[in-house]
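Please look over the sequence and the structure shown below before reading the notes that follow.

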Amino acid sequence: MDHFVLMTWHATLVSMFFAFLWRPAGSERRKLFLKTFIIMVAGAVALGWLMYPFP
Amino acid sequence: MDNPSKGETATDVAKVVSAAPPLLLLAAWLVPGLGHLILKQRLRAVVFGGVILAAFLTGIVLNGELAVPRAGAPFSWLAFAACIGNGALYVAGRLLDLGLGNPMAQGFSYGNTFLVTAGLMNLLTVLDVSDIARGLKE
């Protein structure tokens with residue numbers, strides 16, 4: 001089981017959901033999807049790195 | 001509410017403030033995407049239905065638990081409230097003995113997360129259907 005793949009899959013589903021829930025159409029949806037997806041994945045990776053020195 | 005603007009009739013205003021039909025909300029909760037389909041929002045219906053089903057199935061495959069409330073475990077009530085949001089998927093899962101949860105499985109926590117996420121997303125779609133039916137959103 002790959003934790004990163006699961007996290008990315010979760011981020012994909014949630015980002016897609018909110019893009020369609022909150023934006024009425026096309027390019028706005030794509031923008032929100034990308035923004036949410038990148039924040040979720042990059043944020044999780046960054047947080048992981050920050051936690052790395054701690055036991 | 002503000003006074004009706006120019007060109008807006010009293011009927012239009014009444015449409016906005018009236019409650020959404022309970023059967024529509026029930027359908028939206030029971031089957032992910034059905035509420036939007038009834039409101040002729042086909043793309044949203046397909047995406048919401050697909051995303052929620054995918055999250056639900058991922059949770060089941062990862063040995064997550066479709067939560068049930070337990071006496072003395074207040075957080076189990078929160079998990080139950082989220083999982084019951086899956087509607088018919090929750091009922092079917094329990095009836096088919098899916099989603100019993102295996103705490104020893106590697107994916108147990110991830111599975112729970114996916115199941116809870118699916119339920120919460122479906123509850124949000126019910127609210128969205130309510131807004132659309134009441135004329136508060138297109």
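The briefing takes up the contact of two chains and then one helix.

This is a predicted model, in which local features need pLDDT of at least 70 and side-chain atom pairs count only at pLDDT 80 or more, while totals for chains, interfaces and linings use all residues. Residues are numbered from 1 along each chain as its sequence is written, chains are lettered from A and ligands numbered from 1 in the order in which they are written, and side-chain values use heavy atoms, with hydrogens and water left out.

**Interface of chain A and chain B**

- Chain A brings 15 residues to the contact and chain B brings 21 residues, where contact means heavy atoms within 4.5 Å.
- Between them, chain A and chain B bury about 1600 Å², with 78% of it on carbon and sulfur atoms; buried area is the accessible area (1.4 Å probe) that two parts lose on being put together, summed over both.
- The rule finds 0 salt bridges across this interface, a salt bridge being a side-chain nitrogen of Lys or Arg within 4 Å of a carboxyl oxygen of Asp or Glu.

**Helix H2 of chain B**

- Helix H2 (residues 22-30) of chain B has B:Leu24, B:Ala27 and B:Ala28 buried, with buried meaning under 20% relative accessible area and exposed over 50% (1.4 Å probe, protein chains only); helices are DSSP runs (H or I, at least four residues) numbered from the N terminus.
- These buried residues lie on the same side of H2(B) because they cover an arc of only 100° around the axis, the arc being that of the directions from the helix axis to the C-beta atoms.
- The exposed residues B:Pro22 and B:Leu23 are carried on the face of H2(B) turned away from its buried side.
- Helix H3 (34-38) and helix H7 (108-133) of chain B are among what covers the buried residues of H2(B).

Note on methods:
Helices (H or I, at least four residues) and strands (E, at least two) are DSSP runs, numbered from the N terminus.
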